[in-house]
Structure formats: C-alpha cells, structure tokens
Amino acid sequence: MSTSRAPTMSAHRQTLTTSLTALTLFVFATNTTITAQNLNQGACADEKIVLEGCNATDVAACEANCGLHESTYLLDKCCKHAGINANILAFEKADAWIPRIEEYGKCTGANIRLQYVAGGEDEMGDALIEDVGENEDDKTGQGIYDAYIVQAPWLPPVYKGLKTLTEYIKENDEHIKFLDINQASRSAVSFDGLVRALPLDTDYISLGWRQDVFDNEAIKTSYNATWGEMLKVPDTIEELVVVGERLNGRHDYNNDGEMDWGFCLTPQTNYFQAFLAPVLQTHLNECEVVEGGYKCVGADTGQNMFFDVDNFEPLIYNEGFRYAVEMYSRFIMASNCQNQTADGVKCDRKTAFPTGRCAGVISMPGTMTNLLREGGKYAPKSDKRMDNVLKPGQYWGRRKVFPGSDKVINWNKEGRPLEDCAGEVCPLAKNGINYAPFFSEGGESYALNGRQSKPTATDAMWDMFTWLSTLPVGEVPLAGVYRKSQLTEEAMEYLAKSWNNTVMAQDLHDVLDEYFRSEEDGGNTVQDLFIIGFAEYNEALDTELHKNLILEDVKEGGLFNMTDPSESINPVKNKVEFEERYNRFIANLAMRYDDVHAMQDGGALNQLSLWRGALNIHPTKSKEQICQELLATDHKSFNKLECINVVVLKDLCQSQKEDVEEYAPDTCKVDNNNSTVIMAVLFAIIGAGLVGGLVYYMYKRYVNYIRIQKAHEQLMEATLNESVRALYQLDYPLHLIRGDEFVEEGKLMRHEVLRNTHKLTVLDSLPDVDAFIEAGKHVLFFSHQWTSFTSPDPSNIQYQAMCEAVKELAKRNGWNHNLKDVFVWVDYSSIPQVNPSTQNLAIRSLAAYASSATYFVIVAPDTPHADLDDMCDLGTYQRRMWCRAEQVCHSMRNGTEGMYLGTGKTSPLEPVKSDFFR
C-alpha cells in the first residue's frame, strides 16, 4: 500500500544488475537448502533442485497445506507446480510475504523467488521497463522476472509487454470476483479495454481529524465566541480551509503551552489534486432527470482534472483550477508548513502529527492508519492529546471522506466558469456538495510478464495471485480494504478485532462505502494520470506549485514569507500580489507540460490518444479521427498537436472541403492548366477506347444482360433483407440533441461540434430508445433536403422552420415549455460528418432512426439552393429517394398520426394526409 507520492522516476535508468538490491529472498517448498554457491551456478542448478515432501496422493497433507485461511482455491492444486521456478519483482517489503510464499510453495510445490528493487518506489518504474521492455519494442526487455508487484502509474510504458489477464479472470472469476473489486482500482489497471494487472489493494485520499480537539468544550466555546459559528468537522474544502485558519495559532492541543496549527499535511501533488477533484469533476456520464434526482449512465462526458479529452489542453485555464489553488495555498499557510518550512526542514505530516500539534491530517490509507491508530508509527502519544474530553466509547483519531465542494465548473459553458453546485451542473450533489474522491496512484496490483516468461512459470504465478485474491485482507501483503465485500459486518468485525478498535473500523467502513460506489450508484471517483510521462507531469506540477509558488519566499516571487510566515501572501487579502504570481505559475506550468509532451514518442497527440484509452472514453478514436475533428472545430489545437503530420489535407477535400478551405485556402482548388492537360489526355484515351470497345460491347451485351438480370435479382433480395434487418437493430447509436439546446444554437450544428461540447444524448440500442420514450421523452425526426452541396441549410430557413415545429408540437401536446423532454434528430447534427466509416454505419441505421421516432416532421419551406439557380420546395423534397424512404419507414411502423408537414407558409405544422404518398 503506497504511503507517499514519488515526485519523479530516476533520471538515468540503470541495468537490473545494479539497480536491484543484493538482498534477495528465496523461499522454496522443500527441505533442500540452497546455498549461495548453488545459486551462482545459474539456471541449470535451479532445475536440479529435488523437491521433498510434496505428495499429491497424501490427501490429509494436501488438505492441511492447501486449505489455509478459509480459502478453497488451492485444494485441487496440491503439488500442481512441483519443480517449477518463478521469479517475482517487488518494490516494498512486507512481513506477510514470507509466510504466504512458504504456504503456497508447501501446497503446490512451486519455488517462488522474491526480489526487491533497491530504490523502492522511485526505481520500480525503470526496473519494469528494463525487464519487460517498452510497449513498441518487444526485443529490449531482459525477461529475468515472471511477475511483478506494481502500481498503476508504472504500467503505461510497458502494458503491452504484460500478460493480458482478461481471459484469465473470466476463467477464475468465481474465485477472483473481479467486479467485487472497487471500480477505481479496476479502471487503473485497464488499458484499451483489457486488464493488465490484478488489483489487490487501493489508494485514495481521506481526511483524519481529532475528536479530542473538535469535542473540546473550551475550544468550541472560544470558536463560537470569536467567529459566531459552531465548530464542526468540515464537509467542503472551503470549510476545511476556514476551520484550519481559525484554529491555527489560537489553541494548545498537546498541553505544552504553545499555540498549535490547523491541519497537517506533506505538500504533494496528490493532496492538491484532492482539492481540485470535486471542483472539476461532477459526473463521468451524461445524466437524465429521474424521480428524486438524476441518473447518470449515458455517454462518456470526458470529465477529469488533468487534460481535455478532445484536444489535450491542460485543464488549468479555468476558474475552478484557480479556486483550488487558492484554497490549497491558504490551507498550507495554516498548517505545519508555516513552522517547518521556515525552520528549513521538510514540511512532513509524519513528523508533525506525532507532536500533537495538528487538529487533523490529510493522507493516503496506509499512512493514515499509522497516524490514527493507538501506538501507530506516526500517532501522537496520549500525553500529547486531550483524551479527558472524550466520552465512553469515543476515540481520538477519526477518519472521514475527503471534503467536497459547493462550487464546481460548468463544463457546458464557454470558458467553464465556476458556479454553485446545483441542478444539472452538479447532478450527483449531496446537500449541495459535490464529492469526488481521488484514487491517487491506484494501489498495489499483480502483473505477469507477457513476453519472456515460461508458460509453466506464468501458470504458477497466476495461481498464486488468484489464491491471494481469495484471502482475508489482513493476510495479503501490502493490501488494505479494496473490495466491496470487505465492507460487510463480518469483515468489519474482523478488522476491528485485528486493530482492537471498533471506531476506526467503522470510520473506514463509512469512508469506503462512499468511495466504492459505482457510477450507476452515484459514485464519482477521480482517476489519476495513468499515461506515459506520469512522473514527469507530476514533477512539473510539484516544482511550479510547491517549490516556485506556495513554498517559495516572497522575495523570490513566491507566496511564503520566510521571515514571518503569518505575513505570507493570501489570495483574499493580497489579491494583486497573488494575481501576478498565479499568472506566472500558470504560464510556467503550461510550458513545463509542453516540454513533457515533447519528450514522449508521438508528442502531445499520442499522449491524448493514451489518455482517452486510460479513461476508457467511447467511442474510441484513431489519431486521424481526432485530427479530422479538430480541423472542423479547433484549428489552434490542430496546429498544437501537429495534426498536419497525421492527415493529408487534399485527401479530405471530398469529405471536409469546407473545413480544409477554411484552414488552408485553395488547397482543394484544381489548377486550370493541369485540368486542361488531364482533359486532353482523357479524351484521347476515350476516343481510342471507343473504337475497340464498341465491337467488344456488342459481343458481350447479351451475356452481360443475363448476368446483370441475375445480379439484380440477388441485389434486390439482399437489399430487402438488409432493410428488414435495419428495422430491428442499430449499426450506429441514435444521437439526439435536446430541444432547448437545439433552439438555442441558432443554426444547424455539425455532429462533431455537438459531440465535443457534450450536447448529444446517445442511445445504443432500439430497446434503449423504447425505454427512453416510455420514460416520457419525445423524439422528433426532421426530414429535409440539403440546399447546398456543402452545407445543409446555408440560408437558415429550414432551421427556423424546425424550431417553430418544436415549439408548436410542445404547445399542442402540453409539453413543458422548457423543451428539456424533447429530443431532436436531424441528419447534420445526428450523423457523423467527418469520418466516412461511422457515417456509413449511421446511414445504414436510418430506417431504424425514422421508425423509432415518436414524431416525424417534413421540413420543406420554399428555399433557394445556394449552388444552383433553383428553388427547393415540397416538390423537390418529394423527388428525393432518401426523403421518401424515411417517410415510408416511419409510417409503416407508426402510421401517419405523428407525421407533420412544415412549409413555413400558413401554419408551422400541418398533419400529413393519407394521400400524401401518392
């Protein structure tokens, strides 16, 4: 279980022979003694080991050796791996490793060798790369180890070299129970939809608080008299900051006569990100209003707190990021840092909290237990506490969910402004507070070498991993509570007994019961930055935020006053000074992020692709698709991501002519001289070909006639079959825009623009569509003709008719005038316009789209064609094959009752009459 966040990996990778510790633990399920001389003889000597005492026919011994810790997984694997040697690489020592490896070896006969990385967490990432090899180079790994104990941030550079565990988990899920593991830990080890490690731990950030401080009557009375408010444990980050400031320097918690601090921490990027998370992430999936609140199980929103999933712009240019920096900097100034930093020592919760001078603490789970548990490594002793104020059954060291925020950014507005947490902006709020627990780093997981490991060693290690996943949490090395089933009453009683503390066990249960909620149950967990360059991005933030801003001396351009910490720059009291330093911080951080992008293979565009994969964003997009969409919506990002090196503009002239010409005028223009030469050559070829071709044509005409006739019959049959099939399934999800947003746009908007601004509601199947309508939603299908070769409605006449139709239908049917239960389908907005492949899939689903709509509106006002000297009207609409096909598909299933005609002449809407199809 991780207890700290390493700021960076080693700058220079060392070979495993020098980077790994000389101390290696060898545990064998045998009475044979292996000497150093034996080991130096190499692998051949290992193969000669003769196992003793492993007898699969000894039923009693097998049951005794393989049924430990109430697990049944190994009962049928007695001596299964006898004589098999396997090596595992780990980064952190744990006392439980020795007995677990001994027990596993005694049961299965496997010889498991455990080796630690000398540099611990700081060196494990480099050691993984050295042994596994990087993703795109399967020849570089040394392949010494068969398995690894890992954390999620180390996986992105090597995950393609790790064994894919998806099928292994499926085959053993009755024991592993993968979905029982909390969602954040599962997501942390999944890349491109495949599981690359088995999580048996989790890491997250919570708040520790001292009940002997918050229940002290003298402190409570003084607090109320001074501030006019009751002292309470904070629920929001702003309350956390304010309470810390008000307690700081006014009370003595440890009875030494010196006034003490607010809350304590170690300044690390993950603790800042715990402040940032509830401000930036409000919901991972699109939401709909249901009875009693919101249900958020729709399309991915792409929300996170690191980088925009459409253009990889860092999410630092918004009011929410600034708000989090202000809160965090104020929190630090009222913490242990005010003394420790000024004294020239590291600001560290592990040295500050034992002094008894902290009212609370921010930490990861493993260290938090050691901070709060009686006799814990970092816990204050009883003489540095005020236990006399506690009532019977109370305990001084408490744990709770990390505070949320009553202010969040609005992702749907330009610039993403900071707003109060309410309504659809904050759909998962509880009492007006958005909670977003940050699962930093992900916790320990178990991975297999997928390149060099022998199958027998892989099987032995997998059986050991599976067995460990079935054990009680206290028996698994390095693991804390990481499963939902570990929150049962029985599991908590077991934990309370092992801790000898019921209050601590109950607090942990309450925290994790909230943190382990899935998205379907209202959970809003925030994932760490699991992409290549993780350490470098964190080092950039750590340097600029802590070293160059918050803890830098005011004389050097920072916020901290080394001479008198109480005079440090405060964003509320010293707005001008803070503004100047904050702007410099943002500019420097952006440049550092750009430098990290440039260090990675493929630059920022490849990082964007990896980030979308790590977040499991759907639909998946290739780099070409990302660039094509940016060409249509965001030229600045198109240039910054160097998309010009990925797409060929001329190749896009057919599908994105308007976008290409706007970006690079005349790119799609054909040179007149070249055209003349081409035409001349073409006519010469045609002339020569006609002479010979005419004779051949007459000869083959009859034969071709018979063949074409047969092919036509087959094509008609296939077309009919495809049409029938298309009525019953969607080849591409139904995309709808909500009525109020459709009317507010002011014109027909391209599909990609609406998707990138999260204004499309996505229904994946026809049962989903039916359920959507049964829930009281109204789907309007607009059928119209394009009045330009490159744009659907350049005059905006048809769009105005559509808006009038929406409003008129709402009025006639008594729908809510806010139009939020009305959803519009129109081709330009609902069908992909940039990617031909997905566009074709959507076109194949047109029959299903039209037939499943509740209302079908023909939009055919008199409109001039922008590229022809013609007028488009109802007559030209009726001559279009696609328009007639849409009418038929809807009417064959629904009749004409819900069909209307909008011509914009007299009434916005006229019912379609029965003779309309003649």
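**Entry 1: Gly208 and its sheet**

I looked up Gly208 first and found that its bridge partner in strand S13 is Arg399. This is a predicted model, so I read every value below as computed. Gly208 belongs to the pairing of strand S8 (residues 206-210) with S13, where 5 bridges join the two and the strands run antiparallel.

Then I traced the whole sheet. I got an open sheet of 4 strands in the order S9-S12-S8-S13, with mixed pairing. Strand S9 (263-264) and strand S13 (397-401) are at the edges with a single partner strand each, so one side of each has no neighbour in the sheet. I also checked what lies across S8 and S13: helix H20 (residues 502-515) does, running at about 10 degrees to S13.

**Entry 2: disulfides**

How many disulfides does a search of the whole structure find? I got 9, and I wrote up three of them.

One joins Cys264 to Cys358, with S to S at 2.0 Å. Cys264 sits in strand S9 and Cys358 in the loop between helix H16 (349-352) and strand S12 (360-363), so this pair ties together parts 94 residues apart in sequence. The torsion about the S-S bond is about -80 degrees, so I noted the disulfide as left-handed. Both Cys264 and Cys358 are buried.

Next I took Cys627 and Cys643, joined by a disulfide with S to S at 2.1 Å. Cys627 is in helix H24 (residues 623-633) and Cys643 is in the loop between helix H25 (635-640) and helix H26 (657-663), 16 residues apart. The S-S torsion of Cys627 and Cys643 comes out at about -75 degrees, so this disulfide is left-handed. Cys627 has 0% relative accessibility and counts as buried; Cys643 also counts as buried, at 0%.

My third was Cys653 to Cys668, S to S 2.0 Å. Cys653 lies in the loop between H25 and H26, and Cys668 in the loop between H26 and helix H27 (672-726), 15 residues apart. With -90 degrees about the S-S bond, the link of Cys653 and Cys668 is left-handed. Are these two cysteines buried or exposed? Cys653 has 16% relative accessibility and Cys668 has 16% too. The cut-off for buried is under 20%, so Cys653 counts as buried, and so does Cys668.

I jotted down two more cysteines while I was at it: Cys803 is buried at 4% relative accessible area, and Cys872 is buried at 7%.

**Entry 3: strand S21**

Why call strand S21 (residues 778-783) largely enclosed by the rest of the structure? I counted 6 of its 6 residues as buried, so the label holds. Side chains in a regular strand alternate between the two faces of the sheet. In S21 I found His778, Leu780 and Phe782 buried on one side, and Val779, Phe781 and Ser783 buried on the other.

Then I checked its neighbours. S21 pairs with strand S22 (residues 822-825) in the parallel sense over 4 bridges, and Val779 has Phe823 of S22 as its bridge partner. S21 also pairs in the parallel sense with strand S23 (residues 855-859), over 4 bridges. There, Phe781 has Phe856 as its bridge partner. Following the chain from S21 through helix H31 (residues 797-813) to S22, I got a right-handed β-α-β unit.

**Entry 4: whole chain**

I finished with the totals. The chain has 36 helices and 27 strands, and 54% of its 918 residues count as buried. Its exposed area is about 41,100 Å², with carbon and sulfur atoms supplying 51% of it. Among contacts with a separation of 6 or more, 74% come from residues 24 or more positions apart.

Key: Residues numbered from 1 in each chain as written. Predicted model: local features only at pLDDT ≥ 70, side-chain atom pairs only at ≥ 80, totals over all residues. Heavy atoms only, no water. Buried < 20%, exposed > 50% of the residue type's maximum accessible area, 1.4 Å probe, protein only. Contact = heavy atoms within 4.5 Å. Areas by Shrake-Rupley, 256 points an atom, 1.4 Å probe, with all protein chains shown as cover. Pairing = 2+ DSSP bridges. Right-handed = clockwise from strand over helix to strand, strands pointing away. Axes fitted to C-alpha atoms, helices over the stretch in contact; angles between N-to-C directions. Disulfide = S-S within 2.5 Å.
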